Amino acid sequence: LINNVLYVIILSAALDLVGPNVPKAVVLLADILPSFFMKLCAPYFIHVVPYSLRVVLFAITSAWGMLLIALSPPSIDAGTITTKMAGVVLASLSSGAGELSFLGLTHYYGDMSLAAWGSGTGGAGLIGAGAYAIATTTIGLSVQTSLLASSFFPIIMLLSFFLILPRTPLRRTVETENHGESSESQDGIDDHTSREDQGLLSDPADDPLRSKTRLGANKHQNSWMENFARNLRRSRGLIIP
């Protein structure tokens with residue numbers, strides 16, 4: 001919910017951010033495209049970052065983006081609009097990475113967590129737009145004050161993850177996965193040793209396992225980029241039929 005609220009507030013404040021003479025599509029693109037590309041690329045590498053570090057980075061990035069928007073002068077000259085759009089991009093990147101990370105986090109907490117994630121994602125549209133409308137219209141706060149107040153919303157994200165969310169299921173599952181990987185690695189070492197013992201008199205060049213190992217070592221430096229590029233090419237079909 002909190003992860004997507006800032007995304008909606010920025011869209012609600014589009015007219016106030018750039019003024020009537022600048023196309024509102026500028027705000028729309030700056031708010032949607034970074035999030036889209038983050039959701040497209042991040043699943044291939046974000047798993048190496050622990051969830052606790054991710055949440056801290058998301059909170060800092062989204063708060064920083066909202067502060068850039070809120071503390072910019074109310075004028076609508078080119079420099080000010082550029083600064084505001086930089087803040088929108090930061091908030092969008094945080095929102096996109098946070099959405100897929102929290103979706104992955106539901107794996108550790110059962111079916112109800114997936115329902116809660118869906119409810120929060122959908123409810124953010126109503127709550128974000130409604131909160132901005134109430135703050136600027138009913139209460140009478142200025143646009144700058146409303147956006148400045150919303151920059152503190154990521155604190156709720158930190159409190160929810162580190163104080164409210166039970167950490168035991170996450171720790172238990174991670175420990176189980178690490179133990180399983182250790183067992184598989186040991187089995188692989190034993191199997192490799194057994195093959196070496198059986199082939200002490202054979203030609204090393206004829207050992208397919210050693211050949212495969214050498215081939216993997218030669219490609220180790222560029223394997224990550226190759227896999228990433230290949231995955232992006234595969235995902236192209238999701239956009240271009």
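Which residues does Thr106 touch, not counting residues up to four places away in sequence? Let's take a few close-ups of this predicted model and find out.

**View 1. Thr106 and the residues it touches.** Here we're in the loop that runs between H5 and helix H6 (111-138), and that's where Thr106 lies. Leave out residues up to four places away in sequence, and Thr106 touches Ser113, Leu114 and Trp117. Thr106 has a relative accessible area of 14%; that is under the 20% cut-off, so Thr106 counts as buried.

**View 2. Glu99 and its contacts in helix H5.** Now look at Glu99, which is found in helix H5, made up of residues 78-105. Skip the neighbours within four places in sequence, and Glu99 is in contact with Asn3, Asn4, Lys39, Trp117 and Thr121. Trp117 may ring a bell, as Thr106 touches Trp117 too. Glu99 is another buried residue, because its relative accessible area is 18% and the limit for buried is under 20%.

**View 3. The salt bridge of Glu99 and Lys39.** Zoom in on one of those Glu99 contacts, Lys39. These two form a salt bridge, and their closest N and O atoms are 3.0 Å apart. Glu99 lies in helix H5 and Lys39 in helix H3 (residues 25-41), so the pair ties together parts that are 60 residues apart in sequence. The count of salt bridges comes to one.

**View 4. The two partners, buried and partly exposed.** Stay with the pair and check how accessible each partner is. Glu99, at 18% relative accessibility, counts as buried, whereas Lys39, at 35%, counts as partly exposed.

Methods:
Residues are numbered from 1 along each chain as its sequence is written. This is a predicted model: local features need pLDDT of at least 70, side-chain atom pairs count only at pLDDT 80 or more; totals for chains, interfaces and linings use all residues. Side-chain values use heavy atoms; hydrogens and water are left out. Helices (H or I, at least four residues) and strands (E, at least two) are DSSP runs, numbered from the N terminus. Buried means under 20% relative accessible area, exposed over 50%, partly exposed in between (1.4 Å probe, protein chains only). Contact means heavy atoms within 4.5 Å. A salt bridge is a side-chain nitrogen of Lys or Arg within 4 Å of a carboxyl oxygen of Asp or Glu.
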